Amino acid sequence: MIRIAIPNKGRLHEPTLAIFKDAGLPVYGGGNESRQLIAKTSDPDITFIFARAADIPLFVEEGTADLGITGLDLVVERGASIECLTDLKYGSSRLVLAVPESSPITKVEDLAGKRIATEFPEITRNFFKEKNIDVEVIEVSGACEMTPHIGVADAIVDITSSGTTMMINKLRPVSQVFESKVYLIANKDSLKQKDKISDVKTAIESVLLAKTKRYIMMNVPAGNLKDVEKIIPGMNGPTIMEVEAPEPTFAVHAVVEADQIFVLIRKLKIVGARDILVLPIERLIP
């Protein structure tokens, strides 16, 4: 049995459910997933555990879960001894040191002897320790943005993705403290003992890879085939098939980079390709 801990709510909840659904492991059970504790999947040997994102690093470290989805900031903050397997390419964020807009503080060194409020005390202490700056770290569990305005702290270290929340709360960033990404993480012993973990990892990575590719198909007159081949080599060269048509024609299929499609289509039309069709790819396993 493989147990996978995933966030029960918050900004990582829906993207995590979506990537597992795309990977062929949708949540079964119905109802409101954010209120479930345990859910089955399409594989009878794989079960989801719904948990707070902050608790997932310890769940995985202790073996309560074999795999988990959480932010690197939470792994580092908890000091969890786990294996980071795959960057999931969503939910990236930053921990930022910020002060009120009216504060005279302009650089990190100005905070010597000051009070810093944060939900990430370990990361914050390590940040200032590396810079040899003594500060008082005040751990809070919420509403961190308000603490400088009510006299609790001189600055905060808080998580941000767009910076909008800090602007709304009239806070000005001073320095980036930590850059976080969302990872598929694994228990070290489970990774050695449970082969199906590799299947889960491969399924997720196939979805991530597919998002960066497109499947392109076209008809090409025989006389233009060499020119088209030069433009789209594909992953291992294009697939070419003869088409039953009044004039010698070939169907050309290839997997190409998604971000090259716009330029690629123009080039293909110039060299005579026609009936061009571009399709998304659900999963791509090299």
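T147 sits in the loop between β8 and β9, and in this predicted model T147 is buried, with a relative accessible area of 5%. That value is well worth a look on your screen, because buried here means under 20% relative accessible area. Leaving aside residues up to four places away in sequence, T147 touches A117, V140, V152, A153 and I156.

The loop between β8 (136-139) and β9 (155-160) also holds I150. I150 is exposed, with a relative accessible area of 57%. Together with M146 and V152, I150 makes a nonpolar surface patch of about 250 Å². V152 therefore turns up twice in this part of the model: among the residues that T147 touches, and as a member of the patch, a group whose residues must have over 30% relative accessible area.

**Helix α1 and its two faces**

Which residues of α1 are buried? They are H13, T16, L17, I19 and F20. These residues lie on the same side of α1, because they cover an arc of only 165° around the axis. On the face turned away from that buried side, α1 carries the exposed residues E14 and K21. The cover over the buried residues of α1 includes β1 (2-7), β3, β4 (67-71) and α7 (196-211). Just after the helix comes G24, whose phi is positive, near 90°.

**Helix α4 and its two faces**

Helix α4 (residues 121-130) can be read in a similar way, starting from its buried residues P121, I123, T124, F127 and F128. They cover an arc of only 165° around the axis, so they sit on the same side of α4. K129 and E130 are exposed residues on the face of α4 turned away from its buried side. What do the buried residues of α4 pack against? Their partners are α3 (72-78), β6 (93-100), β7 (115-118), β8, β9 and β10 (171-180). β8 and β9, which appear among these partners, are also the two strands on either side of the loop that holds T147. After α4 comes N132, with a positive phi near 60°.

**Aromatic pairs**

How many aromatic pairs are there? The count comes to 2. One of them is formed by F20 and F48, an edge-to-face pair with 4.9 Å centre to centre and 65° between the planes. This pair links distant parts of the chain, with F20 in helix α1 (residues 13-22) and F48 in strand β3 (residues 46-51), 28 residues apart. F20 counts as buried because its relative accessibility is 1%, and F48 counts as buried because its relative accessibility is 0%. The ring centres of F127 and F128 are 5.2 Å apart and their planes stand at 85°, so this pair is edge-to-face. Both F127 and F128 are buried.

These two pairs tie in with the helices described above. F20 is one of the buried residues of α1, and β3, the strand that holds F48, is included in what covers those residues. F127 and F128 are among the buried residues of α4.

**Positive phi values**

Most residues other than glycine have a negative phi. Against that background, K89 and D275 deserve a moment with the structure viewer. K89 has a phi near 65°, a positive value in a residue other than glycine, and D275 has a positive phi of about 55° although it is not a glycine. Where is K89 placed? K89 is in the loop between β5 (83-87) and β6, whereas D275 is found in strand β15 (residues 274-280). Are these two residues buried or exposed? K89 is exposed, with a relative accessible area of 64%, and D275 is exposed too, with a relative accessible area of 54%.

The table gathers some residues with a positive phi.

| Residue | Phi | Place |
|---|---|---|
| G24 | near 90° | follows α1 |
| N132 | near 60° | follows α4 |
| K89 | near 65° | loop between β5 and β6 |
| D275 | about 55° | strand β15 |

**Towards the end of the numbering given here**

V263 lies in helix α9 (residues 261-270). With 46% relative accessibility, V263 counts as partly exposed, because that class runs between the 20% limit for buried and the 50% limit for exposed. The C-alpha atoms of V263 and R283 are separated by 24 Å, and the two residues are 20 residues apart along the chain.

Conventions. Residues are numbered from 1 along each chain as its sequence is written. This is a predicted model: local features need pLDDT of at least 70, side-chain atom pairs count only at pLDDT 80 or more; totals for chains, interfaces and linings use all residues. Side-chain values use heavy atoms; hydrogens and water are left out. Helices (H or I, at least four residues) and strands (E, at least two) are DSSP runs, numbered from the N terminus. Buried means under 20% relative accessible area, exposed over 50%, partly exposed in between (1.4 Å probe, protein chains only). Rings of Phe, Tyr and Trp (its six-membered ring) pair if their centres lie within 6.5 Å; planes under 30 degrees apart count as stacked, over 60 as edge-to-face and the rest as tilted. Patches are made of residues with over 30% relative accessible area and no salt bridge: like charges are joined within 9 Å, nonpolar side chains (Val, Leu, Ile, Met, Phe, Trp, Tyr) within 5 Å. Accessible areas come from the Shrake-Rupley method with a 1.4 Å probe; for residues, only the protein chains shown count as cover. A salt bridge is a side-chain nitrogen of Lys or Arg within 4 Å of a carboxyl oxygen of Asp or Glu. The arc is that of the directions from the helix axis to the C-beta atoms. Contact means heavy atoms within 4.5 Å.
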